[in-house]
Amino acid sequence: MTRCTQLLMGLALLLLAAPLVAQQKDVGEGDLIPRNGTLMYMVSDRPDVLYRLFGVDKKGAWRLRSLVQDSLNKEFENKADTEEARNAQAILDYIFGSYENLDQVEFGLVDVTLDGPKYLLHLKLKPGKKVDLKPVFLKEFLNRTVDYRDTQYLLYRVDNGAPVAPDEEKSRDGAGKDGSKDGGKENPDGPSTGPRPKKYFGMNRYYVANVGGSILVSNFESTIRESIDRFNDRDTSESLSGRAEFVEWRASRTRHDLSVFVVGREIQNLIERLMPSKEQAGVDAQKVYSQIDAWLQFREYRYVVLDMDYEEAVRGVTIAATLKTRRPTKFLEKFAIDSKKFTALRYVPTGAVFTMGAQIGDATQTWTNLVDLARDMEKISHELEPLGLLPWDSRKKDDQFPPDAPPRLPPDEGKSTPPKGEDNPWLPKSIGPIGALEDLGRFLKEQEEPKTGPEGTDATEPSEDKFEKAMRELDEALAEFGTNRNELLSVLGDQVIVFAAMDVERAKTTYRSGMADLMRSANIGAVILLKDPAKAAQIIARAREKDPQGTFKGMQEVPYNGVNFQVSPSRPYGYAITSDALLITMAMGLPDEDATGPIVASLKSMVDSAQKGERKGFTAEGSKFVEINWGAIARIEGEAIDSNARKLDRFARPPMDKSLNTHMTDFTFAMRTREAKDSIELAVRVTGLPDFGAMFEASKEMIFEGGAGNREAYSYGEENLRNLAQVLRKEADDKGAMDLDAMVKAGKLRAGALQTPFDSRWQGDHQKLGWVTLDQVKRDEKGDLPKWVDKDAATIIETNEKAAFRSFVLAGGDMADRIRNYESGFIVAWQEKAETLGGHMVLYADGQVGWLHADTFKQARKLNAEGKPVPAADRWDAEEKDSRAKRPDDKPKSDPNPWLPEGGGTGGEKKQPPKREEGEGIGRPND
């Protein structure tokens, strides 16, 4: 069964259905779902939302279905009349036919047991629509049929009905094959004797029933039977719809793409039922939970509601969620901050890619509350220590940790107080103020070896609590700067904003790949409102006097629009104090460079932004918020990738894969909370969602075929150039003719080595090449290939080799001398046309295989004609502390030979790869 067919089969089992008549009007939301035990209820009033997310294709058909159909057609392109193809088509039609007939979907998580989650799925179809209960392709999964109260339900098992002993034929719920309720237990995972199959936790069985125009699906027989009872008895007193919280919600509920209702009291009940004993858990779980619940107080939760809708006009999703408690909980009482305008937002410059803000209320009280929470978390950590979850704990002896616990780390050897002097490791030059926060985190995890008493005996006095130690050392650090916690808190206002703004030009020169790399060119900013700016300035001035060569080394004033910026060529950060705020900014990626320019520019953008007044919008008012302009990030990344690809750099690489960000150029995300002492309201707004159909189209090779065609094709071309390199090297050493025709005719070089799959004359799908290389396509006397070589890939390679076209040409001239001298940066062979991802594959005289953009290639050839090498603009120095791989040196080492990338010596025979067993897979050495 193919991957695509397996996927379709799995979806079909989730859409089991029966012949239906018009929907019964007297079955309301939650009527068939149990009142007690149900933790979560979900309902979709517009289940076609998935279709709407993917949109329609050029023919006006729903694109989600057409994309899957296209993939199926491609899979069975030459075998459409086979039974497997007909079966796969039947599954596809069944899935999407069922989906298109849905009018409403209800889902209830009715319980959680040791055998897995227990659920009920209630599917309501559009009036008059019918779906087959027993499709042919599911026949092998049908385990049994049961008649119960004039209703028939079926049991499907994906393990194809593991054998059940006679005394186990009755269900786990006490219902036998005949529907009776007298004793017996069904073993869900097979007989009690013999080898038992793996546990599926209830996800291998599907009980399906047709009840009055609705389909019910569950993984427990008791649930399906109870739902049939509710329908027949028309008694909803024990239904979810009879709960007061549910009634309250349903009375004001409107139609949504998806709504989620979580029953607060059932969360508590579940926790109490599943709470392990100390013997089972190895820790006092009840004590840990009590300490957590002292803050969260799950018993007081009334309900949590979430509504979600997709807006086609702005390609966006809105989510509104509310958590209601019966009375104020300790956590909300201490940390819920009333919603108000974020006046500090006016300092955030337009175009910031990330912004986060919080109302902190009274800073002193909020700090006190945080300390209380931290103390309780310290107590919880003590309870978890015996599990080995906290390997840094130093108060336990080695024999008190479980054998499989991770090893404890050695103690820090640094001092607990900042040293004096210019080179101050207490606040690293590359971090500055943010380093203080990292130091605080380090304090919390600081290691200590167990203290020992005289003659090596264990000390009886326990070591100082980590949190208490952290607070003490924080106070000592602040004292070194001439201040203290109370003084700092007394000047802080009630809002804090943190943001990141990209330096686009810097990104173009530093970006290589990934979000972390892109953030190396960001400016991080912080806005802290102040109660007393004058006093804050005095505190900072005092700190500068205490530590003139440390954190504030070289700080100078730069006046701008009535505000004095404090910047230093020795520090990649700066700050300014305005009439109501402290502005801080830091240039990422410039730890050892003069960052004065970017710092001043960032501070200017903050001051200029404030001139425009208060900001309006979704996040302008609330208690806390996060806002991400991913579209701006995606656009900057696209510009950086294009800029990097056009660099004159012999180590340049082509843009192999299209990043998902190419589909996210309009995407924005914002989340906001509004808090009260008895509730939290959370709202999420997403706009500019990608065209999911286009995304799916671009990535379906990876989804259905598990490969990346561009990467395989490029790697195949690289291997061919390496084969050419070896022959050229030998000809240069032997003073032979540097002539491709002669090399091919003499059998020194295969014709296929002069080809790349990116050549427009290439025939065959790149994706089908897989890992096969030219040198593996060797047939024996019988014309057979090695067993591990894919026959389809070999046929593609042989077909193109017979066509005898050439993708690569030689440079000619003095190339032989350059090859003998291993001259870096001089091109000796190249792809004639710029058909490899917008550029040329090239081979350099030192044996390096590379790629150059079409525009850059012309510059490279011109440099070589002038006797100058292609520069190594992107080479990493050995001294640079970078996690990425270092570039090779310009000049080759005597060993290994760069012309023999598999590991040959300075001129001997090519080193052979390890011998493989027959059938063993092959990977290219460079991969």
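The exercises below, each with a worked solution, concern a predicted model of a single chain.

**Exercise 1. Describe the chain as a whole, in terms of its secondary structure, its burial, its contacts and its surface.**

Begin with the secondary structure, where the chain holds 25 helices and 26 strands. Next take burial: of the 927 residues, 47% count as buried. Turn then to the contacts with a separation of 6 or more, 68% of which are accounted for by residues 24 or more positions apart. Finally, the accessible surface of the chain comes to about 45,500 Å², and carbon and sulfur atoms hold 53% of that area.

**Exercise 2. Locate the largest nonpolar core and find which element gives the most to it.**

The first step is to identify the core itself, which has 43 residues, and in which L724, L728, L749 and L843 have the most contacts. The second step is to assign it to elements: those that give two or more residues are helix 21 (709-733), helix 22 (740-745), helix 23 (791-803), strand 23 (808-810), helix 24 (815-820), strand 24 (827-831), strand 25 (839-844) and strand 26 (849-853). Helix 21 gives the most, with nine residues.

As a third step, take L749 and leave aside its neighbours within four places in sequence; L749 is then in contact with N723, L724, V727, L740, M743, V744 and L754. Apart from this core lies another, of 32 residues, which includes L64, V68, F76 and L125.

**Exercise 3. Work out the strand order of the sheet formed by strands 23 to 26, and state how helix 21 is placed against these strands.**

Start from the order, which is 23-24-25-26 in an open sheet of four strands with antiparallel pairing. The edges follow, since strand 23 and strand 26 each pair on one side only. From one strand to the next, the twist averages 30 degrees.

Now examine one pair within the sheet: strand 25 and strand 26 run antiparallel and are joined by five bridges, with M841 standing opposite W851 in strand 26. To finish, place the helix: helix 21 lies across strand 23, strand 24, strand 25 and strand 26, and its direction makes an angle of about 30 degrees with strand 25.

**Exercise 4. Determine which strands pair with strand 6, and whether strand 6 is mostly covered or mostly open.**

Consider first the pairing with strand 5 (residues 151-157), which runs antiparallel to strand 6 and is joined to it by five bridges; in this pairing L154 stands opposite V208. Consider next strand 7 (residues 214-218), which also pairs with strand 6 in the antiparallel sense, over five bridges, and in which L216 stands opposite A209.

The connection between strand 6 and strand 7 is a hairpin with two residues between the strands, and G212 in its turn has a positive phi of about 50 degrees. As for cover, six of the seven residues of strand 6 (residues 205-211) are buried, and the strand is therefore mostly covered, with buried meaning under 20% relative accessible area.

**Exercise 5. For three of the salt bridges, state which parts of the chain each pair connects and how exposed its residues are.**

The structure holds 41 salt bridges. The first to examine joins the side chains of E100 and R65, at 2.9 Å from N to O. E100 lies in helix 4 (residues 83-100) and R65 in helix 3 (residues 63-75), so this pair ties together parts that are 35 residues apart in sequence. E100 is partly exposed, with a relative accessible area of 31%, and R65 is partly exposed at 22%.

The second joins D580 and R346, at 2.5 Å from N to O. D580 sits in the loop between strand 17 (573-577) and strand 18 (581-587), while R346 sits in the loop between strand 11 (340-341) and strand 12 (354-359), 234 residues apart. R346 counts as buried, at 17% relative accessibility.

The third joins E675 and K624, whose closest N and O atoms are 3.1 Å apart. E675 belongs to strand 21 (residues 668-676) and K624 to strand 20 (residues 624-628), so the pair ties together parts that are 51 residues apart in sequence. E675 is buried, at 11%, whereas K624 is partly exposed, at 30%. Beyond these pairs, R46, D48, R52, D257 and D309 are joined into one network by salt bridges that share partners.

Definitions and conventions
Residues numbered from 1 in each chain as written. Predicted model: local features only at pLDDT ≥ 70, side-chain atom pairs only at ≥ 80, totals over all residues. Heavy atoms only, no water. Core = buried A, V, L, I, M, F, W, Y, C linked by side-chain atoms within 4.5 Å. Buried < 20%, exposed > 50% of the residue type's maximum accessible area, 1.4 Å probe, protein only. Contact = heavy atoms within 4.5 Å. Pairing = 2+ DSSP bridges. Areas by Shrake-Rupley, 256 points an atom, 1.4 Å probe, with all protein chains shown as cover. Axes fitted to C-alpha atoms, helices over the stretch in contact; angles between N-to-C directions. Salt bridge = Lys/Arg side-chain N within 4 Å of Asp/Glu carboxyl O.
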